Amino acid sequence: MNRVTVVAFVKAKKGKEKDLERALLDLIAPTHREAGCIDYILHRAQESPGVFVFYENWESADRLQEHLNSKHLRGFLSKAEGLLESPPGIQLYDRIS
């Protein structure tokens, strides 16, 4: 089973920084309960408070796909257009060490 690391970047629309932060924080508890979630850690940029990064580790690509199809993530994405300056930037990584 190959673990998958995800780095997801999001940037809030001007004036929506706190709303986006609350919405992102609401994703953490249900995601931690998902099968296959190893890490799901939210960060805020020190010099750009409207920029957030999730660092995630999943047991497998299948478990990540289940997360992407989860009710709570779909709910976030349905309201994200009003909060995000641009679509999320998502990069996938394979662990090599």
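**Exercise 1. Where is Glu 34 found, in terms of the loop between helix and strand?**

Before we start: this is a predicted model, where local features need pLDDT of at least 70, side-chain atom pairs count only at pLDDT 80 or more, and totals for chains, interfaces and linings use all residues. Residues are numbered from 1 along each chain as its sequence is written, and side-chain values use heavy atoms, with hydrogens and water left out.

Step 1. Glu 34 sits in the loop between α1 (17–32) and β2 (37–44). Helices (H or I, at least four residues) and strands (E, at least two) are DSSP runs, numbered from the N terminus.

Step 2. Now look around it. Not counting residues up to four places away in sequence, Glu 34 touches Trp 58, Glu 66, His 67, Ser 70 and His 72; contact here means heavy atoms within 4.5 Å.

**Exercise 2. Find out what the side chain of Glu 34 pairs with.**

Step 1. Try a salt bridge, meaning a side-chain nitrogen of Lys or Arg within 4 Å of a carboxyl oxygen of Asp or Glu. Glu 34 has none, although it is buried. Buried means under 20% relative accessible area, exposed over 50%, partly exposed in between (1.4 Å probe, protein chains only).

Step 2. Check the nearest side chain of opposite charge: Arg 63, 8.2 Å away from Glu 34. For this search Lys and Arg count as positive and Asp and Glu as negative, while His and the chain ends are not counted.

Step 3. Try a polar contact instead: a pair of N or O atoms within 3.5 Å, where, within protein, one must be able to donate a hydrogen and the other to accept it, and residues adjacent in sequence count only if both atoms are side-chain atoms. That works: the side chains of Glu 34 and His 72 make one at 2.9 Å.

**Exercise 3. Work through three of the salt bridges and say how each pair is placed.**

Step 1. Get the total: the rule gives six salt bridges.

Step 2. Take Glu 85 and Lys 11, whose side chains meet at 3.7 Å, N to O. This pair links distant parts of the chain, 74 residues apart: Glu 85 is in the loop between α3 and β4 (89–94), and Lys 11 is in strand β1. Glu 85 is partly exposed at 48%, and Lys 11 is partly exposed too, at 37%.

Step 3. Go to helix α1. Glu 21 and Lys 18 bridge at 4.0 Å, N to O. They're three residues apart in the helix, so about one helical turn separates them. Glu 21 is buried at 17%, whereas Lys 18 is exposed at 56%.

Step 4. Finish with Glu 66 and Arg 63, with their closest N and O atoms 3.0 Å apart. Both are in helix α2 (residues 61–68), three residues and about one helical turn apart. Glu 66 is partly exposed at 42%, as is Arg 63 at 29%.

**Exercise 4. Which residues touch the most other members of the largest nonpolar core?**

Step 1. Define it: buried Ala, Val, Leu, Ile, Met, Phe, Trp, Tyr and Cys residues joined through side-chain atoms within 4.5 Å.

Step 2. Of its 21 residues, Leu 20, Leu 24, Leu 27, Tyr 40, Phe 54 and Phe 76 touch the most other members. At least two residues each come from β1 (4–11), α1, β2, β3 (51–58) and α3 (71–80). Helix α1 gives the most, with five.
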